[in-house]
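Visitor: I should like to go through this structure by question and answer. Please begin once the sequence and model are in view.

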Amino acid sequence: MVKFATPLPAQQWAVLASGAALLTVLLMLSLATGAGVYGASEVLGYFRGDAALLADDKLAMIINTLRLPRTLAALVVGASLAIAASLLQSATRNPLAEPGLLGVNAGAVMGLVVGLIYFGIESTQGYLLWSSAGALLGNLIVLGIGLMLGQASPLKLILAGVALSAVFGGLSNYLLLANQTALEQFRFWNLGSLSASELDAVRLITPVVLVALALAVMLCRQLTLMQMGDAQAKSLGIHTTRVRIGVLVASTLFTACAISLAGPIGFVGFLAAYCARLVEPVKLMPQMLFSALFGMLFLLAADILARWAIQPFEMPVGTLLAVIGAPALIAIVLRGGFRSLLTVK
């Protein structure tokens, strides 16, 4: 159980309870939506142990091979991207930071492309290793730029992230065009989708996510104090460089786990962390909790909508989130407290 330095206010408990209830509903909808003719009643009966439904091999295959893995993957990926965004926003003191906008996702993709072409990776372990290497490179560049810019203009860091994404994307495309086999393997995955998620992959990724989560929890107090500025944080005995290295490792692991399971999915982290800051604007521990909750809710809801929108086919969830997330980002910047960011200093 997560312990907080001070109890959560009643309003935050209400948000947490409402989010947990909505998450339960979305979990059932996710398990009841998708390929096959089986709906909520059959799925509930299967999990309750109904003998007739347990004997239905087709139902067991649909639940255990298709619907359950992608539902669990949505939870892991959504929480991972959201917490990574929350950490990056705190470390860079930039309310717009998230792996997709800063080029970290693109770095993870490029690492995976290198692994596909030159090392022929096909396993989840290989995907995780090479996406981790690419995400680490992206994170190093982003945090380096963040340290150089300081708080002068958060928008400048986002523009640097856009340029970094373009560089990584161009290199990835160049490498893929020379290798048709890797291009075919990469093409659908690059759109961002949970449809190919496997239960074994989720089992393999989850311990890595838990390690990253443990590291993130250890950094919460220091990162919260660092919001006052590095000079004041150092006067309190905080080693800011060590903290940022910890953020680098944790956000790299979170991003690599998400990329290796579902491909590059943008805007989930930003939207989840933004909503979490509305609930708790200061303390990072509650922020991470609410970020994870909102990340799981947003990605699970988007995946359900992606399966339902163009039946009998389905839309890649990354495409759907891009269509929804880009206008949401613009609206938040124009209407919210980020209007001042539009002036590049």
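**Contacts, cores and buried positions**

Guide: Setting aside neighbours within four places in sequence, Gly 325 is in contact with Phe 267 and Leu 271. Please bear in mind that this is a predicted model.

Visitor: Is Gly 325 buried or exposed, and at what relative accessibility?

Guide: Gly 325 belongs to helix α14, residues 317-335. The cut-off for a buried residue is under 20% relative accessible area. Gly 325 is therefore buried, its relative accessibility being 2%.

Visitor: What distance separates the C-alpha atoms of Gly 325 and Leu 271?

Guide: Leu 271 is one of the residues in contact with Gly 325. The two are 54 residues apart along the chain, and their C-alpha atoms are separated by 7.7 Å.

Visitor: Phe 267 also touches Gly 325; what is the phi of Phe 267?

Guide: Phe 267 is placed in the loop between α11 (240-262) and α12 (268-279). With a relative accessible area of 15%, Phe 267 is buried. Most residues other than glycine have a negative phi. In Phe 267, which is not glycine, phi is positive, near 75°.

Visitor: How are the axes of α9 and α13 oriented: parallel, antiparallel, perpendicular or oblique?

Guide: Helix α9 covers residues 199-226 and helix α13 residues 284-309; their axes come within 8 Å and cross at roughly 130°. An angle between 115 and 145 degrees falls outside the parallel, perpendicular and antiparallel classes. Therefore α9 is, relative to α13, oblique.

Visitor: Which residues of α13 meet α9?

Guide: On the α9 side, the residues are Ala 216, Val 217, Cys 220, Leu 223 and Thr 224. By class, this contact of α9 with α13 has seven nonpolar residues, one polar and no charged ones. The α13 residues are Leu 284, Met 285 and Met 288.

Visitor: Which helix gives the largest share of the largest nonpolar core?

Guide: The largest nonpolar core has 96 residues, and those with the most contacts inside it are Val 77, Leu 87, Leu 223, Ile 265 and Leu 299. The largest share of this core, 14 residues, comes from α13.

Visitor: How many residues has the second, separate core?

Guide: Among the members of the second core are Val 43, Tyr 46, Leu 53 and Ala 60. Its size is 10 residues.

Visitor: Which residues does Leu 87 touch beyond four places in sequence?

Guide: Leu 87 is one of the residues with the most contacts inside the largest core. Its partners include two residues of the α9 contact with α13, Ala 216 and Leu 223. The others are Val 247, Ala 250, Ser 251, Phe 254, Leu 284 and Met 288.

Visitor: With which side chain does that of Arg 70 make a polar contact of 2.7 Å?

Guide: Arg 70 is found in helix α4, residues 57-92, and counts as buried because its relative accessibility is 6%. Beyond four places in sequence, its contacts include Leu 194, Ser 195, Arg 307 and Glu 314. The side-chain partner at 2.7 Å is Asp 303.

Visitor: Which residues does Ser 172 touch beyond four places in sequence?

Guide: Ser 172 lies in helix α7, residues 154-177. At 4% relative accessibility, Ser 172 is buried. The residues touched are Val 109, Met 110 and Val 113.

Conventions. Residues are numbered from 1 along each chain as its sequence is written. This is a predicted model: local features need pLDDT of at least 70, side-chain atom pairs count only at pLDDT 80 or more; totals for chains, interfaces and linings use all residues. Side-chain values use heavy atoms; hydrogens and water are left out. Axes are lines fitted to C-alpha atoms, for helices over the stretch in contact, and angles run from 0 to 180 degrees between N-to-C directions. Helices (H or I, at least four residues) and strands (E, at least two) are DSSP runs, numbered from the N terminus. Angles under 35 degrees count as roughly parallel, over 145 as roughly antiparallel, 65 to 115 as roughly perpendicular and the rest as oblique. Contact means heavy atoms within 4.5 Å. Ala, Val, Leu, Ile, Met, Phe, Trp, Tyr, Cys and Pro count as nonpolar, Asp, Glu, Lys and Arg as charged, and the others, Gly among them, as polar. A nonpolar core is a set of buried Ala, Val, Leu, Ile, Met, Phe, Trp, Tyr and Cys residues joined through side-chain atoms within 4.5 Å. Buried means under 20% relative accessible area, exposed over 50%, partly exposed in between (1.4 Å probe, protein chains only). A polar contact is a pair of N or O atoms within 3.5 Å; within protein, one must be able to donate a hydrogen and the other to accept it, and residues adjacent in sequence count only if both atoms are side-chain atoms.
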